[in-house]
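The following exercises concern the fold, a pocket and two buried sites of a single chain. Each task is followed by a worked solution.

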Amino acid sequence: METLIVTEPNYASIKNQESICLSKIPILSYGKFYTEVVNFMKEPQVHCVNYYGYSDGEKVKFICCLADDNTSNIKVFSHEIQKKEKMQLTSMTREAYALHIYEREISENFGVEFIYSPWSKPVRYAFNRADRTKVINNYPFYKIQSEELHEVGVGPIHAGVIEPGHFRFLCNGETVLHLEIQLGWQHRGIEDLFLKKPALIQRTVLSESIAGDTAVGHAVTFAGIMESLAGISIQDRLSIERTIGLELERIAMHIGDLSNICIGLAYQLGASVFGALRTPTINYSQLWCGNRFGKGLIRVGGSHYPLNNSLIESLEKFLNNFEGRFVTMAEKMFSLSSVLMRMENIGTVSKTQMQLIGAVGMSARMTGIERDLRKSHPIGAYQKLKYAPVLDVTNGDVWARAALRRKEIIASIDYIRNLISQLKANDETSNKPVSEGSLKLMPNSLCVSMTEGWRGEICHCAVTNDQGKIHHYKIKDPSVHNWMALALSLRDLEISDFPINNKSYNLSYCGHDL
């Protein structure tokens, strides 16, 4: 009789917003870690949602989280190395390019040298970086030795009302050969503040400030971490209200972006109408919670602003008024030849390129990649909503980025109406948020919380110590993945096409510059 040999998996498997004891995550040799992660990353349905390190005594411990979009599982891998003067690891970026941003950050934060890395430049020049001699003013931009080519620098101080970042164009005449984007001019140290500000309200406010235009998205992600680690169950009604908040945030930001795209196209009618429609959208958020960007709406364990009958009635009136005006203006915009000629086949990126860079959210979906956490790793009311991502826009150009926003706004309106009907059938009374003293977190544990924000995949990870205190907090905004998409969009275009391409992505500077 043959002996059945059962091999233990080389990873732990968890769901979105599930906590796990650190002891249940196998610690692999780096060689085994490398092989496992690279092999899984070759599967099209698997992508890395976070890979980071943190100090653990005399060691640096590394956590890598790979999301399987088919099974809704998150595979958690780990390895560790001793702290020493020279730390070296073989780079995985050569075989899985999307990992470059994680390895570069680890190198910057801990001084780890990734051998054979095709790109080892710092990510953001964090205030607590390992090598303080590396300063952003001496950033090693790529150069081409040529008498025919020239460089154009934009930033870090911009004429527009946006945050600081530097864009370096390598051009042949007016044609852009390469665009290099370097952010990191106002590092705020938010991850470090999550450890230094232990009060729950302080951390909640910090989560709302990671990216001001995604206050609801990041706050929901943070709340999921705390509720999971504390073993707090969320009411169905609260889940529905949070989901409505997320979809309202999506509508507000998408409509604002359509207005900005019209400004870039010199289409004044669209800019004015879409801009005017954004106002009642964010005004409804102010009516609901007292803040136009949804700050204060999300609190751990409950809500100070339950969506009562009066607010539901106001929401229905807003949607009815908004939808007709939006549909009419969108039809005009997308049927005007002078508008279409400035969007179609401009700033095109391919599905293969977006797969290689690990694009998320709209930047992935506009090329036909089905990457949407609302379907693949749903939380809260999305689990019952049966969300279907918009995937019929695949051109990968400025038109696709605008058209996807148009379609997602309509979809969000439908989903909110669906959620309203669920609220009306739910007679629960929303709980008040948990008090500071009642919050006790699981010790020696890891929690991974992900939310599909309006830009794409938000991921927060927390590690607790043996006293149940947060030992490490890791944040990832979707823009970290998608800035490379903007750079790729400019290749072989005239430099004058940069503004419309930049507006069509509307990526976050502060979400990148943690």
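Helices and strands are DSSP runs, of at least four residues for helices (H or I) and at least two for strands (E), numbered from the N terminus. The model examined here is predicted.

**Exercise 1.** Determine which elements contribute to the lining of the second largest pocket, and describe its composition.

*Solution.* Step 1: the pocket holds about 530 Å³ of space. Step 2: its lining consists of 23 residues, and those nearest the centre are Glu-43, Pro-44, Val-46, Gln-355 and Arg-371. Step 3: two or more lining residues come from each of β4 (46-56), α10 (351-357) and α12 (373-376). Step 4: α10 provides the largest share, three residues. Step 5: by class, the lining comprises eight nonpolar, seven polar and eight charged residues.

**Exercise 2.** Establish whether Gly-396 is buried or exposed, and identify its contacts outside the local sequence.

*Solution.* Step 1: Gly-396 is located in the loop that joins α13 (382-385) to α14 (398-424). Step 2: a residue counts as buried under 20% relative accessible area. The value for Gly-396 is 0%, so this residue is buried. Step 3: once neighbours within four places in sequence are set aside, Gly-396 contacts Gly-347, Thr-348, Val-349, Met-366, Thr-367 and Arg-401. Step 4: the C-alpha atoms of Gly-396 and Arg-365 are 8.7 Å apart in space, although 31 residues separate them in sequence.

**Exercise 3.** Explain why helix α16 is described as largely enclosed, and name the elements against which its buried residues pack.

*Solution.* Step 1: α16 spans residues 498-505, and six of its eight residues are buried; the helix is therefore largely enclosed by the rest of the structure. Step 2: the buried positions are Phe-498, Ile-500, Asn-501, Asn-502, Ser-504 and Tyr-505. Step 3: these residues pack against two strands, β10 (166-172) and β11 (175-182), and against the helices α6 (236-264), α11 (362-365), α14 and α15 (479-489). Step 4: just after α16, Asn-506 adopts a positive phi of about 45°.

**Exercise 4.** Assess how compact the chain is for its length.

*Solution.* Step 1: the chain contains 16 helices and 14 strands. Step 2: its radius of gyration, 23 Å, is close to the 24 Å given by the globule rule for 514 residues, so the chain is as compact as a globular protein of that length. Step 3: of the 514 residues, 57% count as buried. Step 4: among contacts with a separation of 6 or more, 67% join residues 24 or more positions apart.

Methods: Residues are numbered from 1 along each chain as its sequence is written. This is a predicted model: local features need pLDDT of at least 70, side-chain atom pairs count only at pLDDT 80 or more; totals for chains, interfaces and linings use all residues. Side-chain values use heavy atoms; hydrogens and water are left out. On a 1 Å grid over the protein atoms alone, a cavity is a set of points where a 1.4 Å probe fits but cannot get out, and a pocket is an open set with protein on both sides within 12 Å along at least five of seven lines; lining residues have an atom within 4 Å of a point. Grid points are joined across faces, edges and corners, and a volume is the space filled by probe spheres set on the points. Ala, Val, Leu, Ile, Met, Phe, Trp, Tyr, Cys and Pro count as nonpolar, Asp, Glu, Lys and Arg as charged, and the others, Gly among them, as polar. Buried means under 20% relative accessible area, exposed over 50%, partly exposed in between (1.4 Å probe, protein chains only). Contact means heavy atoms within 4.5 Å. The radius of gyration is taken over C-alpha atoms; the globule rule is 2.2 Å times the number of residues to the power 0.38.
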